[in-house]
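Student: Got a minute to go through a model with me? I'd like the overall picture.
Tutor: Sure, put it up and ask away.
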Amino acid sequence: MKYTSTRDASKKLYSFEDALCSGYAPDGGLFVPEVLPSDKIINSTVLKEWATLNYVDLATQILRLFLSLEEISTVELQTIVAASLSSFDVSSVVP
């Protein structure tokens, strides 16, 4: 997946790593996905499956839509999500 700036009329594309490491786009805009997942990817079947997931697995599945496997593996992504949520005190967020 590639990202673009909210302010860049030329629509220059950036990698996930570039977007993450730089924070803001060079023009001061925010990074946004070049394209959003379509309803062909997120359909009623997928939503029903997601309803059965715990918070970490759900967050991983949603983030996977915006990060290619070449950028980060699913195992690494899930590890990062779990570590990011580990300090929450609410059991419904982190089991």
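Student: Which residues make up the largest nonpolar core?
Tutor: Tyr-3, Tyr-14, Ala-19, Ala-25, Phe-31, Val-56, Ala-59, Leu-67, Ile-72, Leu-77, Val-81 and Leu-85, 12 residues in all. A nonpolar core here is a set of buried Ala, Val, Leu, Ile, Met, Phe, Trp, Tyr and Cys residues joined through side-chain atoms within 4.5 Å, and buried means under 20% relative accessible area with a 1.4 Å probe, protein chains only.
Student: And which helices each supply at least two of them?
Tutor: Helix H3 (55-64) and helix H4 (74-85). H4 gives the largest share, three residues.
Student: What sort of model is this, by the way?
Tutor: A predicted one: local features need pLDDT of at least 70, side-chain atom pairs count only at pLDDT 80 or more, and totals for chains, interfaces and linings use all residues. Residues are numbered from 1 along each chain as its sequence is written, and side-chain values use heavy atoms, leaving out hydrogens and water.
Student: Back to the core: what does Ala-19 touch, skipping neighbours within four places in sequence?
Tutor: Tyr-3 and Phe-31 are in contact with Ala-19, where contact means heavy atoms within 4.5 Å.
Student: What's the order of helices and strands?
Tutor: The chain runs β-α-β-α-α-α, so you get four helices and two strands, taken as DSSP runs numbered from the N terminus (helices H or I, at least four residues; strands E, at least two).
Student: How many residues are there, and what share is buried?
Tutor: There are 95 residues, and 25% count as buried.

Note on methods:
Buried < 20%, exposed > 50% of the residue type's maximum accessible area, 1.4 Å probe, protein only.
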